[in-house]
Amino acid sequence: MTQSKPSNPARVQIADDLRLEALLTALARGWDDFRAAPQYGMGFGAIFAIGGVALTYFLFARGELTWIFPAAAGFPLLAPFTAVGLYEVSRRREARFPICWSTVLRAIVGREDDQILSMGVIIFVAFSFWVIIAHLVFAIFVVEAGAGSEGIEFLTSSAGLIMLGTGSAIGAVIAFIFYAITVISLPMLVDQKVDFVTAIVTSVKTCRQNAFTLIVWAGAIAILLFLALALGFVGLLVVLPVLSHATWHLYRRAILAE
């Protein structure tokens, strides 16, 4: 696979002037990438959507209602790793390299240094951690409410609403930490030959130096993914690829490699 010239991570500069206009520009370019190669975007979106439906059906069929809501709320945490292939589509389109499924799928595996796979492990662990924490919060409130509060009707009670608020607050903190370490690191690993620790540090620094703009971007991602999930996962066929392509262009705007 033809690779772009890797840059020396010591010479990477981080832009500190990202404004809201940069988000609109990234979204416009992400939409262009999706329209230019929709088969890749819809393909990865379908894989993600099918995974979400399968997970929900599996838990529902087993009667594990207490796990469905934590899993559904944390499922978007897996989206960044799914987006790796779409970062490669944007990279190759930008560099005017040929695009085919073999090169795109190879990007998910990463280079021979296994850095992207290491990030995949971190993402899976983060998702598992969130599900456990969310289930623990649910269990605590159910115990406090007493027997018979395990049903869906519990969520409409005062204790259930407090539980949802508490879980949402904890989930928001975990999700933002996760966002901060992946929003720049994953496209950087696709683009440059760096180790995942360097990529994570760069991602966190970028979020710190452009806090307001990247917090707005995090909120936009959360809202759009929620709406896509609310449509029975069908919305992911478009929302996931457009956001992924847009994140690539935001990365290219934020990281200034000499």
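**Close-up views of a predicted model**

**View 1. Helix H5 and its buried residues.** Val84, Gly85, Leu86, Tyr87, Glu88, Val89, Ser90, Arg91 and Arg92 are the buried residues of helix H5. The model shown here, and in every view below, is a predicted one. Helix H5 runs through residues 84–94 and is mostly covered, with nine of its 11 residues buried. Just past the helix, look for Arg96: this residue follows H5 and has a positive phi, near 60 degrees.

**View 2. Arg91 and its partner Glu88.** Here we stay with helix H5, where Arg91 is found. Is Arg91 buried or exposed? Arg91 counts as buried because its relative accessible area is 2%, and the cut-off for buried is under 20%. Its side chain is joined to that of Glu88 by a polar contact of 2.9 Å. Glu88 is itself among the buried residues of H5. As a helpful reminder, an α-helix has 3.6 residues a turn, so residues three or four places apart point the same way.

**View 3. The largest nonpolar core.** This core brings together 55 residues. If you would like landmarks, start with Tyr179, Trp217, Leu236 and Leu250, the residues with the most contacts inside the core. Which helix gives the core its largest share? That is helix H12, residues 236–254, with nine residues.

**View 4. The neighbours of Leu236.** Leu236 is one of the residues with the most contacts inside the core. Leaving aside residues up to four places away in sequence, Leu236 touches Gly45, Phe48, Ala49, Leu225, Ala228, Leu229 and Pro241.

**View 5. A nonpolar patch at the surface.** Now we turn to the outside, where Ile223, Leu224, Phe226 and Leu227 make a nonpolar surface patch of about 410 Å². Ile223 has its place in helix H11, residues 211–230. Ile223 counts as exposed because its relative accessible area is 56%, and exposed means over 50%.

**View 6. The whole chain, for orientation.** How many helices and strands are there in the chain? There are 12 helices and two strands. Reading along the sequence, you meet a strand, then the helices, then a strand again: β-α-α-α-α-α-α-α-α-α-α-α-α-β. Of the 258 residues in the chain, 45% are buried. Among contacts with a separation of 6 or more, 77% are between residues 24 or more positions apart. The chain has an accessible surface of about 12,800 Å², and carbon and sulfur atoms account for 69% of it.

Key: Residues are numbered from 1 along each chain as its sequence is written. This is a predicted model: local features need pLDDT of at least 70, side-chain atom pairs count only at pLDDT 80 or more; totals for chains, interfaces and linings use all residues. Side-chain values use heavy atoms; hydrogens and water are left out. A nonpolar core is a set of buried Ala, Val, Leu, Ile, Met, Phe, Trp, Tyr and Cys residues joined through side-chain atoms within 4.5 Å. Buried means under 20% relative accessible area, exposed over 50%, partly exposed in between (1.4 Å probe, protein chains only). Helices (H or I, at least four residues) and strands (E, at least two) are DSSP runs, numbered from the N terminus. Contact means heavy atoms within 4.5 Å. Accessible areas come from the Shrake-Rupley method with a 1.4 Å probe; for residues, only the protein chains shown count as cover. Patches are made of residues with over 30% relative accessible area and no salt bridge: like charges are joined within 9 Å, nonpolar side chains (Val, Leu, Ile, Met, Phe, Trp, Tyr) within 5 Å. A salt bridge is a side-chain nitrogen of Lys or Arg within 4 Å of a carboxyl oxygen of Asp or Glu. A polar contact is a pair of N or O atoms within 3.5 Å; within protein, one must be able to donate a hydrogen and the other to accept it, and residues adjacent in sequence count only if both atoms are side-chain atoms.
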